[in-house]
Amino acid sequence: MYEYHCLNPIAEIGLEQFGEKYAATENIDEADAVLVRSASMHDMELGDSLKAIARAGAGVNNIPLDKCAEKGIVVFNTPGANANGVKELVLAGMLLSARDIIGGINWVEEHEEDGDLAKITEKKKKAFAGTELEGKKLGVIGLGAIGVLVANTATHLGMDVYGYDPYISVDTAWKLSRNIHHAKTVDELYKECDYITIHVPATPDTKGMIDKGAISLMKKNVVILNFARDVLVNSEDMVDALVSGSVKCYVTDFPTPEIAGVKGAIVIPHLGASTEESEDNCARMAVAEVIDYLENGNIVHSVNYPDCDMGPKGEGTRITVLHHNIPNMLGQFTTLLAEENLNIALMSNKSRNEYAYTMMDVDANVPADLIEKFGSIEGVLKVRIIQ
Ligand SMILES: NC(=O)C1=CN([C@@H]2O[C@H](COP(=O)(O)OP(=O)(O)OC[C@H]3O[C@@H](n4cnc5c(N)ncnc54)[C@H](O)[C@@H]3O)[C@@H](O)[C@H]2O)C=CC1
Ligand SMILES: O=C(O)CCC(=O)C(=O)O
């Protein structure tokens, strides 16, 4: 029996995939797996029984990835599962910034009791007029699952789209419309575009990337959209730019006291992925990843360990070892199995930066003390024997 703990509500359609071998627990210390959305795990104690954390979403800046790797806890996310939900809200954000739809609706609500509402509407509506997206230049920073959808869709709205992503994956590059201009530097994109939308992860490298220096390169009256993370934008510099009018509008999915209520800021309460479809997709993918890892030892879509997939576990025993990526680990593992007279039927070893993962299928039952023997090898972080 495996136990899982949900730190945030996870869509039922995903949790239903856990069959009778699984039970929900309220006690995270007992859990084999944790499912999480945006809850911060940085200050949490992580128990020894915890084997996997699945982020039902894309961003993993709420999870201490290195600490988890060092404890032999594999962290997963669900790439692309909520990308369409975010893309649609980015489009809504662009439309809200181009025309004063919010101001207009608020005005109607304020005057709803007015008997001649229809008449005064025709006089007042010029106060809420705006511009169209067609023909405007859109810059997309980060062409991953979300960025590529935003970029491609914007071309269908008649926008002239510039994309910047020095680390673009081959898969994503294949999906990108040929109509998108390749910005070779982010400065080129800053200088050209009327709308700029950011879709990069929050990392030490990207933190504060939109600051007064970046804004000074942009066109006056630029619209900046941030559906990625608040820390990517220096809030003090953004408030100054809104007040001075150098940025016309800042659309953000991340409310903070600094930005909420500032004229020109459209602040949405982190709703990018809050659609039924995205929540279902993320939950289904997260739960499937956890089940595959717990039952088969397969790692698919990890963000702190290498992906390593040997398919479903067969009749024999599968031994899995999370370890440091240092010399002579495989030699020690195979020697240990040879000493136990165990034949390796299938084996895989993958590494990612400082960490590595080895899976070995043996066609016999293994002695009870094998876990301790593997665990005593210097550099081994967690061993599982899946019978
Ligand atoms: N508002 C919301 O509800 C949601 C927000 N997000 C945020 O959006 C971010 C992006 O999500 P996805 O597109 O699904 O992730 P992704 O991993 O598919 O794409 C991120 C892209 O950013 C690129 N990148 C990294 N550093 C860069 C840099 N310095 N300059 C330019 N490009 C860079 C990467 O090469 C990658 O192609 C997530 O990390 C998360 O923080 C994601 C989903 C929902
Ligand atoms: O779970 C959510 O609502 C947040 C989604 C998100 O920010 C992400 O996937 O990175």
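**Figure 1. Ligand 1 sits between two domains of this predicted model.** Let us start where two parts of the chain meet a ligand. Domain 1 (1–82 + 274–305) and domain 2 (83–96 + 131–267) both contribute residues to the shell around ligand 1, so this ligand lies between them. The shell holds 34 residues, and the closest are Gly 59, Gly 142, Gly 144, Tyr 167 and Gly 272. By class, the shell around ligand 1 comprises 18 nonpolar, 12 polar and four charged residues. Helix H3 (83–98) and helix H6 (145–156) each provide at least two residues of this shell. The largest share comes from H6, with three residues.

**Figure 2. A closer look at the residues around ligand 2.** Here you will find Arg 37, Ser 38, Gly 57, Ala 58, Gly 59, Asn 82, Ala 273 and Ser 274 around ligand 2. Sorted by class, this shell has two nonpolar, five polar and one charged residues. Gly 59 is worth a second glance: it is listed around ligand 2, and it is also among the closest residues to ligand 1.

**Figure 3. Where domain 1 touches domain 2.** The protein is divided into domain 1 (1–82 + 274–305), domain 2 (83–96 + 131–267) and domain 3 (312–387). Nine residues from domain 1 and eight residues from domain 2 make up the contact between these two. On the domain 1 side, the touching residues divide into two nonpolar, six polar and one charged. Taken over C-alpha atoms, the centres of domain 1 and domain 2 are 30 Å apart.

**Figure 4. Ala 52 in the largest nonpolar core.** In soluble globular proteins, nonpolar side chains tend to be buried together. The largest nonpolar core here has 103 residues, and those with the most contacts inside it are Leu 35, Ala 52, Ala 286 and Val 290. Helix H11 gives the largest share of this core, nine residues. Follow Ala 52 outward and, leaving aside its neighbours within four places in sequence, you will meet its contacts Ala 33, Ile 73, Val 74, Phe 76, Val 290, Tyr 293 and Leu 294. Val 290 thus appears twice in this view, as a contact of Ala 52 and as one of the residues with the most contacts inside the core.

**Figure 5. Met 94, a buried residue of helix H3.** Met 94 is found in helix H3, one of the helices that supply at least two residues of the shell around ligand 1. With 22 C-beta neighbours inside 10 Å, Met 94 counts as buried, because the cut-off is 20 or more. Beyond its neighbours within four places in sequence, Met 94 is in contact with Leu 133, Tyr 195 and Leu 225. Leu 15 makes a useful landmark for stepping back: Met 94 and Leu 15 are 79 residues apart in sequence and 35 Å apart in space, C-alpha to C-alpha.

**Figure 6. His 270 and its partners from elsewhere in the chain.** His 270 is placed in the loop between strand E12 (265–267) and H11. Leaving aside neighbours within four places in sequence, its contacts are Asp 253 and Phe 254. Phe 254 is 16 residues away along the chain, yet the C-alpha atoms of His 270 and Phe 254 are separated by 5.5 Å. His 270 is partly exposed, with 16 other C-beta atoms within 10 Å.

**Figure 7. Two residues with positive phi that are not glycine.** His 301 has a phi of about 70 degrees, and Asn 353 has a phi of about 50 degrees. His 301 is found in the loop between helix H11 (276–296) and strand E13 (317–324). Asn 353 belongs to the loop between strand E14 (344–352) and strand E15 (355–362). Their surroundings make a nice pair to look at: His 301 is partly exposed, with 19 other C-beta atoms within 10 Å, whereas Asn 353 counts as exposed, with 11 C-beta neighbours inside 10 Å.

**Figure 8. The span annotated as an ACT domain.** An unreviewed UniProt entry lists residues 318–387 as "domain: ACT". In the model, this span is 24% helix and 44% strand. Take a look at its two ends as well: the end C-alpha atoms of residues 318–387 lie 6 Å apart.

Note on methods. Residues are numbered from 1 along each chain as its sequence is written. Chains are lettered from A and ligands numbered from 1 in the order in which they are written. This is a predicted model: local features need pLDDT of at least 70, side-chain atom pairs count only at pLDDT 80 or more; totals for chains, interfaces and linings use all residues. UniProt positions are given in the numbering used here, feature names are shortened, and annotations may be inferred rather than shown by experiment. Helices (H or I, at least four residues) and strands (E, at least two) are DSSP runs, numbered from the N terminus. A residue is buried if 20 or more other C-beta atoms lie within 10 Å of its own, exposed if 12 or fewer, and partly exposed in between; C-beta atoms are placed from the backbone. A residue is near a molecule or strand if its C-beta atom, placed from the backbone, lies within 6 Å of it. Ala, Val, Leu, Ile, Met, Phe, Trp, Tyr, Cys and Pro count as nonpolar, Asp, Glu, Lys and Arg as charged, and the others, Gly among them, as polar. Domain bounds come from an automatic or database domain assignment. A nonpolar core is a set of buried Ala, Val, Leu, Ile, Met, Phe, Trp, Tyr and Cys residues joined through C-beta atoms within 7 Å. Two residues are in contact if their C-beta atoms, placed from the backbone, lie within 7 Å.
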